Amino acid sequence: MRRVVVAALVATSLTTLAPAATAGAGLGAYSALAEAGIVRIGLYEQAIPIPAEPQVDMGIGFTRANTANGPSSRGLASYLWPGDAVGDGLGVLMGNESLAYPVKTSASYPATETSPAENSVQIKDGSGMSSTADDRTTRATVVGLGLGNGTGGPGDLPEPVAAAATIENLKSQSTVVLEENSITATARSVASGISVLGGLITLDGLDMRSEARSDGVTGKVRGIAKFTGLRVLGQAVDLGDPVNLAGQTSPPPKLPQALADLGITVEYLENQRTTDGAAGALQAEGLTITLDVAPLRDLLQLGGLSDVVSPALVNVDQAGPVLLGLLKLGSKIVITLGDVRTRASAAPAYVVPDVPVAGPVEGPPVPGGPIAPGNPFLPEDAGMPLAPPLAPPAVTVAPASVDLPGLGEVPRWFLLAGLALVALAGWGLRGFGTWVFGGGTCLHGNSLGVPDLRKALSP
């Protein structure tokens with residue numbers, strides 16, 4: 001019986017999940033991602049044979065760090081990132097799988113031949129890319145000085161990119177840190193001396209940060225954005241105090257009508273913040289400048305761009321030629337200054353409780369001795385004695401009634417006293433009934449008292 005009870009307890013324990021552990025008991029499943037960029041240029045042109053939207057997604061000062069179960073991590077840093085479709089799939093697009101995009105550093109854990117644990121490239125003095133990855137921390141960093149056009153150095157941006165945006169100083173960093181009881185993703189973009197569209201929009205500085213953290217129970221996010229010295233068409237635009245990205249919204253700045261006439265729209269601090277249980281995500285874009293090429297082409301057909309643009313571009317002489325050059329690039333161009341995004345999610349570890357295991361069953365030896373070799377149901381070298389069978393459990397029958405003495409053991413005087421007591425009680429009840437209902441016969445000769453219901457009346 002004891003063996004049966006133990007077996008039932010073991011089966012119940014194995015089929016019942018242990019309760020969820022608290023955050024202090026470690027993480028089970030987890031994942032986190034951090035991305036940061038200084039300038040992002042998206043070119044929409046359906047004629048470009050790239051299966052992505054936008055077709056060209058160029059990032060200046062792009063970093064990414066991600067970690068998932070394992071852990072399995074990767075850090076990616078690129079001074080000039082052409083988007084995932086080209087940056088990670090250049091060999092596929094060119095029909096040569098050995099071809100890899102050169103302007104990047106990649107580090108992985110576990111390390112691989114093409115993505116070691118540490119990787120760095122120095123572009124020029126003060127400018128470079130680095131990435132590291134291990135079982136705890138994954139980090140990617142890009143720093144740059146004087147990233148513009150015309151200096152002739154190895155850090156110059158390509159001419160089409162420099163026409164869209166130039167930067168004096170930048171630092172972009174993405175980090176994921178895995179701890180015993182939490183995982184945290186952090187992204188930061190810092191830059192100064194930014195010029196967009198040949199000086200059409202300038203920015204003295206930006207500083208954007210995003211952080212997402214999960215401890216397996218609760219997901220939390222926080223972030224901040226700060227912009228200084230914004231000028232549009234040479235006019236200063238007040239952006240106010242730093243904005244708390246985790247809960248505060250800021251009204252869009254007032255921009256000149258001339259931008260709308262040129263098909264240019266500007267959006268300020270578009271951000272998405274989500275928290276759901278143990279998951280959190282925060283994505284923010286600083287200034288998003290959208291250039292719709294169609295209105296510019298219409299203006300050209302009406303008699304020339306200079307008559308319309310010149311009055312608004314007195315203080316930005318380079319803007320007109322830049323806009324003319326951008327007409328040849330695509331149908332729509334989107335430029336984003338400051339782009340940070342993080343997300344983190346985790347689940348607490350589940351601990352299976354220790355389950356007692358029943359020991360070997362003891363029993364009498366099996367008659368007949370060991371099994372002879374050559375048994376068709378066992379290997380030929382099976383010379384071990386057969387395991388003894390399980391002994392049938394002992395069964396104890398419980399008594400069917402309470403334990404009372406036998407009738408012959410009851411004293412005689414006790415039986416006689418009981419009969420006399422019963423007779424006395426019957427006589428007393430009969431007398432009580434007569435006293436209550438009366439006795440004798442009535443005037444009509446019928447008996448008084450309690451009627452005898454056992455006797456039926458004759459018809």
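Tutor: Let's start with a word we'll need: two residues are in contact when they have heavy atoms within 4.5 Å of each other. Keep in mind that this is a predicted model. Among contacts in the protein chain between residues at least 6 apart in sequence, 63% join residues at least 24 apart.

Student: And what makes up the secondary structure of the protein chain?

Tutor: Nine helices and 16 strands. The chain has 459 residues, and 37% of them count as buried.

Student: Why is Thr 141 called buried?

Tutor: Thr 141 has a relative accessibility of 13%. Buried means under 20%, so Thr 141 with its 13% earns the label. You'll find Thr 141 in strand β7, residues 137-147.

Student: How do you know that the side chain of Thr 141 makes a polar contact with the side chain of Gln 173?

Tutor: The distance is 2.9 Å, and the cut-off for a pair of N or O atoms is 3.5 Å. One atom must also be able to donate a hydrogen and the other to accept it. The pair is listed as a polar contact. Gln 173 also turns up among the residues in contact with Thr 141 beyond four places in sequence, including Thr 63, Ala 77 and Met 129.

Student: On to rings! How many aromatic pairs does the structure hold?

Tutor: Three aromatic pairs.

Student: What makes the pair of Trp 81 and Tyr 101 edge-to-face?

Tutor: Two values settle that. The ring centres lie 6.0 Å apart, and centres within 6.5 Å make a pair. The planes stand at 85 degrees, and over 60 counts as edge-to-face, so that's what we call this pair. Trp 81 sits in strand β3 (residues 72-81), while Tyr 101 is in the loop between α3 and β4, 20 residues apart.

Student: Are Trp 81 and Tyr 101 buried or exposed?

Tutor: Trp 81 is buried at 3% relative accessible area, and Tyr 101 counts as buried at 14%. Both values fall under the 20% limit. Phe 62 joins these two residues in one aromatic cluster.

Student: What about Phe 227 and Tyr 268: why do they count as a pair, and of which kind?

Tutor: Try the test again. Their centres are 5.7 Å apart, within the 6.5 Å limit. Their planes make 70 degrees, which is over 60, so the pair is edge-to-face. Phe 227 lies in strand β11 and Tyr 268 in strand β14, so the pair ties together parts 41 residues apart in sequence. Phe 227 is buried at 6%, and so is Tyr 268 at 5%.

Student: How do you know that β10 and β11 pair?

Tutor: Count the bridges. Pairing needs at least two, and β10 and β11 have 13, in the antiparallel sense. One of the partnerships joins Met 208 to Ala 225. The two strands form a hairpin with four residues between them, and Gly 216 in the turn has a positive phi of about 90 degrees.

Student: Which strand does β11 join through two bridges?

Tutor: β13, residues 243-244, running antiparallel. Two bridges meet the requirement of at least two, so the strands pair. Ala 225 has Val 243 as its partner there.

Student: What makes β4 and β14 edge strands?

Tutor: First, the setting: an open sheet of seven strands runs in the order β4-β3-β2-β1-β16-β15-β14, with antiparallel pairing. β4 and β14 each pair on one side only, and they are the edge strands. From one strand to the next, the twist averages 5 degrees.

Key:
Residues are numbered from 1 along each chain as its sequence is written. This is a predicted model: local features need pLDDT of at least 70, side-chain atom pairs count only at pLDDT 80 or more; totals for chains, interfaces and linings use all residues. Side-chain values use heavy atoms; hydrogens and water are left out. Axes are lines fitted to C-alpha atoms, for helices over the stretch in contact, and angles run from 0 to 180 degrees between N-to-C directions. Buried means under 20% relative accessible area, exposed over 50%, partly exposed in between (1.4 Å probe, protein chains only). Rings of Phe, Tyr and Trp (its six-membered ring) pair if their centres lie within 6.5 Å; planes under 30 degrees apart count as stacked, over 60 as edge-to-face and the rest as tilted.
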